[in-house]
Amino acid sequence: MAELAILGGEPVLPNPLRPYRTMGAAEAEAVKRVVESDCLSGFYGSAGDQFLGGPRVKEFEAAWSARFRVRHTVSVNSATSGLYAAMGAIGIRPGDEVIVPPLTMSATAMAPLVYGGVPVFADVEPETFCLDVDAVRRAITPRTRAILAVNLFGHPAPLVRLRALADEHGIKLVEDNAQGPLASEDGRHAGTIGHVGVFSLNYHKHIHTGEGGMCVTDDDDLALRMQMIRNHAENVVEAYDVQDLTNLVGFNYRLTELSAAVGLEQLRRIDEHVGPRVRLAETLTAMTEDLEGITPPRVRPGCTHAYYVWAFRLDEEAAGVSREAFSRALAAEGFPHGAGYVRPLYLLPLFQRRPEESGVFGSALAAGRYPAGLCPVAERLHRSELLLFETCAYDVDARTAGLLGEAVRKVHANRGALAELAPAGV
């Protein structure tokens, strides 16, 4: 049995993994054509054809709609902006409640706050890490206006059930699909089952434009309102004959022609970028699913997974080793990863301090609304179970994928030797 690297042995992966690069000659040529056109942005913040952007933006939106089989796509300069535009479009007002998961990037929970809405945290499923439908149902009150589901790590939340629940209560389902391009449930793309879906084109996603995002919907009114919020809505409400002015103070969430040109090339090769991530994750799962105390990602029947992250759970009791010790040993073998995801968002200072310290958000962040223990599954996952490998970050061939799996197996096989390992910092 090979000795663990952390105890003096040779690491399974002696060299750092190569970073994954998505940009190539096609993107460079597309950018060159835009620069030569001298039109780096085609937007005007007033009524007219250019209110909806330049030629590349419009072409990119049309191509996205065709690929994801939606009626409307509204490009934005980030997925965060897209979430804010979506919350505005569905009419979130001060005091309205929006049910969100606690395990997600902070922008998910911030989006309702922008309009004075109240984030209501519902716990997650222990196997997919996405919203638990029963927890969501219990969280619905007469003030609930929307559910904001996150397709975390690239696995769809229970979207069909959440959409049915939203429709039953006359509320909206918005999908944060930043990590799940080409994931699906029941043959439908994640991001297209809710009333609005938001995709990310941030630089570390499957495909990207550096910064950027795409909002999709089949609802004409929601599409128009997101287009208006994206581009100084207050200037065009008369031109579009909009009577409901709720949240139609606009922002500048516009995507540039440069970004759209890059995005078009990235979208054309999206299968080439997502497919290897899926194959890598499936290799790792196959190599670790027989290990006691380790649970690799589970894919719910009827779903496909995009594997932005390969996330496995360690049961410390069953494995007989702490997550901290396992993680340190795994890192020493050359397997880059993180322990835990984000701290459940309701534990951030913004949600824990007195309302008067939170400025305009004070009324939404009432004292005592967000106690520790609010979402026990999410807290347990973050505290002691989750280990994450960011598949999108690395260029991994079949041989290296096998070595990554061997690193996990080696640490697991030698976990008894970790009992005497001093805690970090000691």
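Where is the place of L182? The close-ups below, all taken from a predicted model, start there.

**View 1. L182 sits in a loop between two strands.** Look between β5 (172-176) and β6 (184-185) and you'll find L182 in the connecting loop. Its backbone is a bit of an oddity: phi is positive, about 75°, even though L182 is not a glycine. Most residues other than glycine have a negative phi. L182 counts as buried because its relative accessibility is 18%, and the cut-off for buried is under 20%.

**View 2. Y307 is another loop residue with a positive phi.** This one belongs to the loop that links β11 (303-304) with β12 (310-314). Phi of Y307 is near 50°, again in a residue other than glycine. With a relative accessible area of 5%, Y307 is buried.

**View 3. Strand β12 is covered on both faces.** Five of the five residues of β12 are buried, so the strand is largely enclosed by the rest of the structure. In a regular strand the side chains alternate between the two faces of the sheet. Here W310, F312 and L314 are on one side, with A311 and R313 on the other.

**View 4. β12 has antiparallel pairings with β10 and β14.** With strand β10 (residues 294-295), β12 pairs over two bridges, and I294 has L314 as its bridge partner. With strand β14 (residues 386-389), there are four bridges. One to pick out on that side is R313, whose bridge partner is L386.

**View 5. E385 is a buried residue in helix α13.** Helix α13 covers residues 376-385, and E385 lies within it. Why does E385 count as buried? Its relative accessibility is 14%, and buried means under 20%. The E385 side chain makes a polar contact with the side chain of R380, at 2.6 Å. Setting aside neighbours within four places in sequence, E385 is in contact with F312, R313, L314, R323 and R380. F312, R313 and L314 also turn up among the buried residues of β12.

**View 6. Helix α8 is mostly covered.** This helix (residues 257-268) has twelve residues and reaches 17 Å from its first C-alpha to its last, close to the 16 Å expected. Ten of the twelve residues are buried, among them E257, V262, L264 and L267. What covers these buried residues? The cover includes α1 (25-37), α2 (55-68) and α9 (270-288).

Definitions and conventions
Residues numbered from 1 in each chain as written. Predicted model: local features only at pLDDT ≥ 70, side-chain atom pairs only at ≥ 80, totals over all residues. Heavy atoms only, no water. Buried < 20%, exposed > 50% of the residue type's maximum accessible area, 1.4 Å probe, protein only. Polar contact = N/O pair within 3.5 Å; in protein donor to acceptor, adjacent residues only side chain to side chain. Contact = heavy atoms within 4.5 Å. Expected span 1.5 Å × (residues − 1). Pairing = 2+ DSSP bridges.
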